[in-house]
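Grab a pencil and let's work through a few exercises together. Take a look at the structure first, then try each task before you read its solution.

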Amino acid sequence: MTRIACLLPETSELVPTGALIQLALAHSPRVEDAVTCIYLDAAGLEGLFGAEPELGARLRDAALAVGLSIRVGFAGGRLAALVAARLGEGIAIVEPEGDAAALAPAPLSLLPLPEELATRLERWGIRTMGELAALPTAGVFERAGAEGVRAQRLARGEDPRPLGSWRPGPTFEESVECEWGLETLEPVVERLGAMAARLCARLGARGLAADGFEWTCRLADGGAHEGALTPAVPLTESAAVTALLRLALEARPPRGIVRTVTLRARPTRAGAAQESFTDPSRPSPRFLAATMNRLVALVGPDRIGAPALLDSHRPDAVGLGAYAPPSPRRGAHAVASPSPLRAEGRVRGPRRRPPNPPRDASVVAAPVLALRRFRPPVPAAVTLASGRPVALRSSRLAGRIVAGVGPWRASGEWWTTRVWLQDEWDVELADGTLCRLAHDGSAWHLAGIYD
């Protein structure tokens, strides 16, 4: 009889999975890492740890001993054990042959469904696993295919796949001891280059690449010099890795005599990408990584990257994120998504999906204004009359204001030290120019011009 135990962390924060795996391995030889939880084979453990309630209490106590709070669910399959742990409190046990009954009231969102199938079931009005399990299998196959039948079997408590055994991943690390010590940078780079060549060979033999490297230099005075680099693309070329290590160490060399050098590679599986015949050729990963790290050595790691929108309504809330080369387009006629740095529509209120175009070709949609922002905003002098702007003077625009709408109060981030607040006006100058003005409480600025 198959019995599965699910160890589910009670907190949604990042949990050290390695600690949970070691805890599970201390109680069962078969353990599966499911990323968000850990499964272990609980069959035949009564003689060692007692019945399932005693085993569950032992697992919870062992987790608390290492600073983790978990829920434990027992069932005949993985999904039923997960549902028991998630919907139960502390220790939940599903009796043998009771998986289907335990899964029946559970929401369908707990099933690992493809997005298309989940949308289809929602349109059918299927909300729980019991409702899916009650459907005729032939009808499910006709309307949802083999994927729908697989989901229905899971909802009925059938878990055909055996428990996968966890295996520790390979460690890609090289170390070398320098008996007499290294006083200059060049011999340190030579040894790092030799270790990088061996690591790249091991990675290539497994079909892997390295998306990061870390090194540690043990110094004669007992101290340590540590560093890390992240190439723009995963690498397996030892020459490129050596060049990047040289640049990083030249920017921040070890301060002292080096006794031991250790180099670690972070493995990743880089999928093969087919280049397009119509798209421009992409840069060489080696030259791109070398260029990025030269820039990092010049300006620092916090001043280079790719623009990334921040989660804020503040105008121009853009920061720096990790740079990643653009992926090749899937087709010659693919259309790039519009950049948030190009144009902004004049939107007041929640965004709505535009209606379908009219069938009559004679009906033409009204043009939409687009605001082209000035980055940074242009300082401006604004003349007010009865609290409303009547004239504008700046280095980009100047003239009499003949019409204006506003102000609109925009504010946010009052819960941080970067609180912002400004009043915005949309105005029309005498020459017909439409623009936006902004007042932050101390000065006026010309925010942009409408096309």
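## Exercise 1: the cavity

The largest cavity holds about 40 Å³ of space. We're working with a predicted model, where local features need pLDDT of at least 70, side-chain atom pairs count only at pLDDT 80 or more, and totals for chains, interfaces and linings use all residues. Residues are numbered from 1 along each chain as its sequence is written, and side-chain values use heavy atoms, leaving out hydrogens and water.

**Task.** Find which elements give two or more residues to the lining of the largest cavity.

**Solution.**

Step 1: Pin down the term. On a 1 Å grid over the protein atoms alone, a cavity is a set of points where a 1.4 Å probe fits but cannot get out, and lining residues have an atom within 4 Å of a point. Points are joined across faces, edges and corners, and the volume is the space filled by probe spheres set on them.

Step 2: List the lining. Gly-77, Arg-78, Leu-79, Ala-80, Asp-99, Leu-103, Leu-154, Gly-157, Glu-158 and Asp-159 are the residues you want.

Step 3: Match them to elements. Helices (H or I, at least four residues) and strands (E, at least two) are DSSP runs, numbered from the N terminus. Helix H4 (78-87) and helix H5 (99-103) are the elements that fit, and H4 gives the most, with 3 residues.

## Exercise 2: the sheet

**Task.** Work out the order of the 4 strands in the open sheet, and say which strands sit at its edges.

**Solution.**

Step 1: Recall that two strands pair if DSSP finds at least two bridges between them.

Step 2: Go through the pairs. E6 and E9 run antiparallel, joined by 6 bridges; Val-176 has Val-261 in E9 as its bridge partner. E7 and E9 pair in the antiparallel sense over 10 bridges, and here Ala-209 is matched with Thr-268 in E9. Strand E7 (residues 209-219) also pairs with E8, antiparallel again, over 6 bridges; Glu-214 has Ala-228 in E8 as its partner.

Step 3: Chain them up. You get E6-E9-E7-E8. Strand E6 (173-182) and strand E8 (224-229) are the edges, as each pairs on one side only.

## Exercise 3: a helix across the strands

**Task.** Which strands does helix H9 lie across?

**Solution.**

Step 1: Contact means heavy atoms within 4.5 Å.

Step 2: Helix H9 (residues 185-205) lies across E6, E7 and strand E9 (258-268).

Step 3: Add the direction. H9 runs at about 160 degrees to E6, with axes fitted to C-alpha atoms (for helices over the stretch in contact) and angles from 0 to 180 degrees between N-to-C directions.

Key: 1 Å grid on protein atoms, 1.4 Å probe; cavity = no way out; pocket = protein on both sides within 12 Å on 5 of 7 lines; lining within 4 Å.
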